[in-house]
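Got your viewer open? Let's take a short walk through this model, one selection at a time.

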Amino acid sequence: MSADPLYILAGLALAGVVAQALAARLHLPSIVFLLAIGLAVGPGTGLINPNDLFGTLLGPFVSLSVALVLFEGGLSLKWSEARKLGAPLWRLVIGGLLLSFSLTFGFALLAGLSLPTAGVIAAILVVTGPTVIKPMLRQARLNQRPARLLRWEGIVNDPFGALLAVVVVELALLHAQEPDAALAASLLPIGWRVLVAGGAGGALGWLLGLALKRAWVPQHLKIPAIVAGVLATFAGAEALFHEAGLLAVTAMGVVLANAASQSIETIRHFKEEVATLLVAFLFLVLAANLSRADLLAFTPGSVMLVLAILFVVRPASVWLSLAGSGLSWQEKLLVGWIAPRGIVAAAMAGVLAPQVAEAGYEDARLILPVIFGVILLTVLLHGFTVAPLARKLGLAGAREGGLLLVGLSSWAQDLARAVQQAGGDVLCVDADRRQTARARLDGLPSEWADVLVEDDLDELPLERMRWLLAASPDDHFNQLVCLALGKTLGSDLVLQLSPRSEGRGERDSGLGGRTPWGELGTYDEISARYWKGARFKVTELTEQFNGDDFRAKNPEALVLFEVVNARLEPVRSDDDVEPGGKLIWLP
């Protein structure tokens, strides 16, 4: 390779960030861009050869990266939240996983693949990609039940799919060494490894959670300590049993995520701070590591297998596992179509395919192209069809005029009551438990959540929300909230209070939300009016008492919204308001 490895590594990191930023801007899955870049710089042009770039470190790099990705997946698995979906989730996760594995395995054998290769492909493809499906669901604005089912299926299936793939590879390696060994005798040592690795990972996760809870680790070292702990756990488990590390770090993440401690909330930002860049870098390397021979290795049987996975295996496994579950046929149809694969499938293929090939199975060279073919097709087909299909089935929000109110100060709660009085829909959100509890006692629909945390955001019923108002006392937090929610609701539908340093007029700089109320719309100005005794009022406009009459009577009024036929719209000082609407204003 002629290029300096220093420049290649820096370029890969930069390309990963650019690809994800471009994907967010265009509302497309980032894997599409990462795969395109990886194929272009790898087999397309030969500019990068990961084997030459990393040498003997390529295998350990991919293994450690997969360990961090699976640990992050374990962090997302909170049993208390998963129980909200009840039986349908576990039927989909357990029954659907077994059916998907069995059907894919059968089609792979029909395609002429050997037992080990068919088993590895079937095991890897039972996973769906939560890193792909979460932004896909938010952009489609799905109703909560199908959205939660799809999201939790991806979260739960990742570790179980990885474990299943490792078990299949272990059986293949044992069979290659001892062809006459009985299946039961082969499963016994694997079962022992599973118990030891899972128990050790869970115990270490509990110890790490205890260290975080009791502040044995300084605040600024929490994320580095977590990363180092995951890598050490993976290496230690691998030293005991080959391929036990993946299970150990997954169990570690699950135990840590379910530890009852507020201090552990720090680790919920793990993905944003560590895993996002790692996932992009890893996917670029795996895509670049494909050879032209891999891409041309497709046989008619392997093409048939890929199509069967998309159009037969997924729908059949969902409909059979969810039969009699109480879900509507529309929900089953949607869930049975949407199953994008992501980084875990790609990474597991990158780790396990070479091991199967080294065991002497020549058709193992088909594992990577089949897995990447399924990833590409599912991301493209499901990404572009989920929103129109959900709307056609009546399972997507119709962008009604609901208001997501972030920040629950006293005057914000008064504003929420006024929105309800005017006939509008409002959902109050705050990261302060006391404020949320007080709002609930007052009859306001409220959620305790941090909207900057992806898992919290996924739990909110955004499908019925059209507008966002960031109304916290922190101007910078309001801007961050608008930037985060602008990707989902649309940048023109996110509003924030005017920053204190802002002058007259509406700002729309792209660095936050719209500020339609100028210098009168600051937190300090509204608070000052509220604590002087002013309260939000609702006034209905008629032909006899129109907007001009209202402004003549109330020249100092701060009008925030108008509700017309239960549809809420923000009002600027120079807006023409509609007769028949109800103004929400503060004297």
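Before the first stop, one definition: a patch here is made of residues with over 30% relative accessible area and no salt bridge, and nonpolar side chains are joined into one within 5 Å. Keep in mind, too, that this is a predicted model.

Now select Phe298, Val303, Leu307, Phe311, Val312, Leu377 and Leu381: together they form a nonpolar patch on the surface, with about 540 Å² of accessible area. Which helix gives the largest share of the patch? That's α15, with four residues. Color α15 (300-321) and α18 (367-392), since each of them supplies at least two residues of the patch.

Stay on α15 and click Phe311, which sits in that helix. Phe311 is partly exposed, because its relative accessible area is 47%.

For a contrast, hop over to helix α6 (residues 87-110) and pick Leu89. Is Leu89 buried or exposed? It's buried, because its relative accessible area is 0%. Add Leu150 to the selection: it is 61 residues away from Leu89 along the chain, yet their C-alpha atoms are separated by 8.9 Å.

Next up, the sheet. Show its five strands and trace the order β3-β2-β1-β4-β5; the sheet is open and the pairing is parallel. At the edges you'll find β3 (446-448) and β5 (494-496), each with a single partner strand, so one side of each has no neighbour in the sheet. From one strand to the next, the twist averages 20°.

Zoom in on β1 (residues 402-406) and β2 (residues 426-430), parallel strands joined by four bridges. Pick Leu403 and look for its bridge partner in β2, Val426.

Last stop: select helix α20 (residues 433-441), which lies across β2 and β3 and runs at about 160° to β3.

Key
Residues numbered from 1 in each chain as written. Predicted model: local features only at pLDDT ≥ 70, side-chain atom pairs only at ≥ 80, totals over all residues. Heavy atoms only, no water. Buried < 20%, exposed > 50% of the residue type's maximum accessible area, 1.4 Å probe, protein only. Patch = residues over 30% accessible without salt bridge, like charges linked within 9 Å, V, L, I, M, F, W, Y side chains within 5 Å. Areas by Shrake-Rupley, 256 points an atom, 1.4 Å probe, with all protein chains shown as cover. Salt bridge = Lys/Arg side-chain N within 4 Å of Asp/Glu carboxyl O. Pairing = 2+ DSSP bridges. Axes fitted to C-alpha atoms, helices over the stretch in contact; angles between N-to-C directions. Contact = heavy atoms within 4.5 Å.
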